[in-house]
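Thanks for coming, everyone. Please look at the structure on the screen while I talk you through a few parts of it.

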Amino acid sequence: MRSVTINPAKMCQPIGAMYALFGIHAAAPLVHGSQGCAAYPMRMFNRHFREPVQVAVSALGEDAAVFGGAENLVASIENVIARRHPDLIGVITTCLSETIGDDIEGAIRGGDFGKSKVIPIHTPSYVGSHVTGYDNALKSLVADLSGNSASEDGGEDRVNIIPGMINPGDVCEVKHILDLMRVPHTVISDISETLDAPLILPKPPFPEGGTSIDELVNSAKACGVISLCDHAGGTAAKFLSGKYGMTADSVCPVGVVNTDRFLDSLCNMTGVEVPYSLEKERGRLIDAMVDVHQYTYGKRAAIYGDPDISLAIAEFVSELGMDPVIISSSTASGKFLRRAKGITDGEILNGRDLYELQLAVEMVCPEILFGNTHCKLIADKEKLAFIRCGFPVSDRIGYQRHGITGYRGGIYLADLITNAILDRYGQHG
Amino acid sequence: MPLRLLDCDRSIPERGKHTYIKDSSEDILPLSNIQTTPGDFTERGCTYAGCMGVVGGPVKDVIHLVHGPIGCAYWTWGGGTRPNLSDNSNFHRKYCFSTDMQEDNIIFGGEDRLYKSIIEAYEAFPEVRGVFVYATCAIGLIGDDIGAVCRRAENEIGIRVVPFNCEGFRGCSQSLGHHIANDVLFEYVVGTKEPEYTTDFDMNIIGDYNIQGDLWVIKPLFERMGIRILCTFTGNSSIDEIAQAHRAKLNLMHCQRSTPYICELIKKKYGIPYIRASLFGIEQTSKALRDVATFFGLEDKAEEIIDDEISKVAPEIEEYRKKFEGKRIFIYQGAPRAWHWVKMFREMGIETIAAATTFGHEEDYAKICERVKDGTIIIDNPNSVELEEILIELKPDIFVSGLKEKYLSYKLGIPFMNGHAYEKGPCAVYSGFLNFARDIEKTLFSPIWGMIKKGDVNSHGELGRCEA
């Protein structure tokens, strides 16, 4: 195994925590680290979502590196409150503050921050990836906030949904399904509006939407929790299930079978039945897949993405008769490896970099590549049909708006795939 | 009241010292180049950003290896948001190299991992002419001796391996990173190669990063004059070009915040003088050409080129000037562009009503103050909350800034143009000035700005029904 990483497949943990906090209403991420630890990830969000994002930073300097940054942190929290009065501040650690060894919990415990909740989120950059950073953030949010004042009755028929690092469009599709099924729900970290905000003046101080603190508190009372991405939210789901006894499941509703499973899971948790309106959506997806199977069948696909997304797309392309010859995960995981082995006899790259993916592509010769904007290099070099998915997609417009989840998302993805095949290989290719 | 406290800064009064309203009867500058207030929603980057992202990164034929956890390398992949073009585009900015330091490396040290990484990266891309190693925050804390590792690796692979200690926590902004990159490149690279031959008309262009190909319109102007460009520091530069920079007769300094250090160092050691230049707009570009021509004794040739270039763009610029007359701009840039552009926009009939820099020093603010009219707001290191207040209060016709501020401006309904990466550049010299004007036209006159609705805000501060 190489020591050097060439063209990384993963980002570091703090950006995952920021992603999670943008889905909480009136929350302010506060990065405890260097200024670059805030500025650089902000640009990633700007380029992918084409939305403004605001991230505060404790701006640790040389003094803090030597003498510790705890004092700096308390001053930072007070500054954030004075400026923006957020409902919640997520203190996101970095390689810098974790290596210094600041006592974050101690610093926060000592402060009086009024109405603003302050939650520490440990995301040292030298552990895990953006995916585990998101997972850590979700775990911290539910562990610190759920159940705190669950005094009012009601809400026992609710289902908590933890989306993971998916797009606003994906979250919208999932909420659409829950609405059709009449299942009351709380999406924990809901970016569907906060990172797809309308342009209406005056601009609100915080974007509308997002999960409220009350919803986070009441998430304790729900009858079940589904994490759409097991690696990004699964730990929080397990926490809720372990502490409050609710049913926990994990399913990434991309493709026919996965969406069927998602509906089954909802039915089992709540006792509702799948309405005809959703059966029709399923039927439309099947119809769309019948329309294109002549183009998709037998096509060899290489798929790169965060572990759960990569697996779910691999399952969907299998439903289209394609052959997922390479399945690659941004983040190394035993669970991913086991599940990928069940889907393909081909190459499995478990947390390897994109240079490794490039070498695998040269060897295995797929015809279609799924991945984020950084995969374009490989697609261009090997002249592959290219489907953009994941984060970041910054070289095209609108991918964040269109969901690939649910039956309707499946139709969109099947169309994308087929059009990419037609563009690259022609009508009879 | 020359210094002004914005409403959003009431609880942080020290920010008042960074905000100044120009009054020519006084001799005041806003406070600058100091540590950001902890917890600020700052737009600033770190020392690594200045060193690797700005100055080191554009060098086109070396491996840029980032020593640290994975994020820092990822953010600068492909130049990040900086379109520093080069003619080695199959390699440069396409590949991203990192040691991806893991927890056990942080505990036990990362020197072995760094050494192996340099060797492996070189083996994967043996055609490169050097390796630049950048240390990020955690490395400074654990104390890896990257200089020693680089020497050992250099002996092994036989090409230059250059260490940059540019940990993000050093310094108060990107600015120290520029300085570190200047010092290191001077110490390790400049003077390590002799040019094949020299002429009496050899010049370096220092401090241009070839954003969207600026150098590809700058260079030919000087070449037509009979000047040979020995090195462009660092846009589209090879490491060998930087190595032979000490044999030029003159350094032309464009970015005067990120490169005065190397100009001074070269002057001290090799006796090469430098000239400061603004290569934006007709007036400033013509002045730069004349200054260089005077140095080399090429005045007639320069006048010929200036006449020719002006005749090609002046009629169109005049049309744009008529369209733009009376428009008001807020310029927020890294540092020098904030003052480079005051005159340039004035040539287009656009007046600067607010100016700000991310990492400017006193001399940058002095230059801004020289150029803007009384009453202009000048603000140092503005954060997003302050920017929002200024944008809402002043309602400039156009805001020229960078990506992080772009969507804030859009959400406030204020026309925006990217001055860091440009919209559709190049934007330097005469032909670029015309591109700039075209982009301003698109920005100002898009019909979409007339279609934004205003919502009712209810007593809870929430938006309700919309009215036209």
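A residue counts as buried when its relative accessible area is under 20%. Keep that cut-off in mind. One more thing before we start: this is a predicted model.

Let's begin with strand β2 of chain B, residues 62–67. Six of its six residues are buried, so the strand is largely enclosed by the rest of the structure. Look at its two faces. On one side sit B:Val62, B:His64 and B:Val66, and on the other B:Ile63, B:Leu65 and B:His67. Both faces are covered.

What does β2(B) pair with? Six bridges link β2(B) with β4(B), and the two are parallel. Within that pairing, B:Val62 is opposite B:Gly130 of β4(B). Strand β3 of chain B, residues 97–98, is also parallel to β2(B), with two bridges between them. There, B:Leu65 has B:Phe97 as its bridge partner. Now follow the chain from β2(B). Together with helix α2, residues 70–76, and β3(B), it makes a β-α-β unit, and that unit is right-handed.

Next, helix α1 of chain B, residues 47–56. Here 10 of the 10 residues are buried, so this helix too is largely enclosed by the rest of the structure. Among those buried residues are B:Tyr48, B:Cys51, B:Met52 and B:Val55. Several glycines are in there as well, including B:Gly50, B:Gly53 and B:Gly56.

Move on to strand β6 of chain B, residues 202–208. How many of its residues are buried? Seven of seven, so to speak: the strand is mostly covered. Strand β7 of chain B, residues 228–234, runs parallel to β6(B), and six bridges join them. B:Asp208 is placed opposite B:Thr234 of β7(B). To get from β6(B) to β7(B), the chain passes through helix α8, residues 214–224, in a right-handed β-α-β crossover. β6(B) has another parallel partner, strand β8 of chain B, residues 250–253, with four bridges. In that pairing, B:Ile205 is matched with B:Leu252.

Now the cysteines. How many disulfides are there over all chains? The count is zero. Let's see why for two of them. For a disulfide, the two sulfur atoms must be within 2.5 Å. Take B:Cys137. Its closest cysteine sulfur is in A:Cys37, at 5.4 Å, which is too far for a bond. B:Cys137 is buried, at 7% relative accessible area. Then take B:Cys369. The closest cysteine sulfur belongs to B:Cys255, 19 Å away, again too far for a bond. B:Cys369 is buried too, with 10% relative accessibility.

On to charges. Side chains of opposite charge can pair when their charged atoms come close. How many salt bridges does a search of the whole structure find? It finds 48 over all chains. I'll show you three pairs and one network.

Pair one is B:Arg129 with B:Asp240, at 3.5 Å from N to O. B:Arg129 is in the loop between α4 and β4 of chain B, while B:Asp240 is in helix α9, residues 239–243, so the pair ties together parts 111 residues apart in sequence. Are these two buried or exposed? B:Arg129 is partly exposed, at 41% relative accessible area. B:Asp240 is buried, at 14%.

Pair two is B:Glu319 with B:Lys322, also a salt bridge, at 3.5 Å from N to O. Both lie in helix α12 of chain B, residues 299–324, three residues apart, which puts about one helical turn between them. Why does that spacing matter? An α-helix has 3.6 residues a turn, so residues three or four places apart point the same way. B:Glu319 is partly exposed, with 49% relative accessibility. B:Lys322 is exposed, with 52%.

Pair three is B:Glu370 and B:Arg371, whose closest N and O atoms are 3.5 Å apart. B:Glu370 is exposed, at 61% relative accessibility. B:Arg371 is buried, at 15%.

Last, the network. Which residues does it link? They are A:Arg83, B:Asp9, B:Arg15, B:Asp40 and B:Glu386, joined by salt bridges. Find A:Arg83 on your screen, and you will see the residue that chain A brings to this network.

That's my tour. Questions, please.

Note on methods: Residues numbered from 1 in each chain as written. Chains lettered and ligands numbered in written order. Predicted model: local features only at pLDDT ≥ 70, side-chain atom pairs only at ≥ 80, totals over all residues. Heavy atoms only, no water. Buried < 20%, exposed > 50% of the residue type's maximum accessible area, 1.4 Å probe, protein only. Pairing = 2+ DSSP bridges. Right-handed = clockwise from strand over helix to strand, strands pointing away. Salt bridge = Lys/Arg side-chain N within 4 Å of Asp/Glu carboxyl O.
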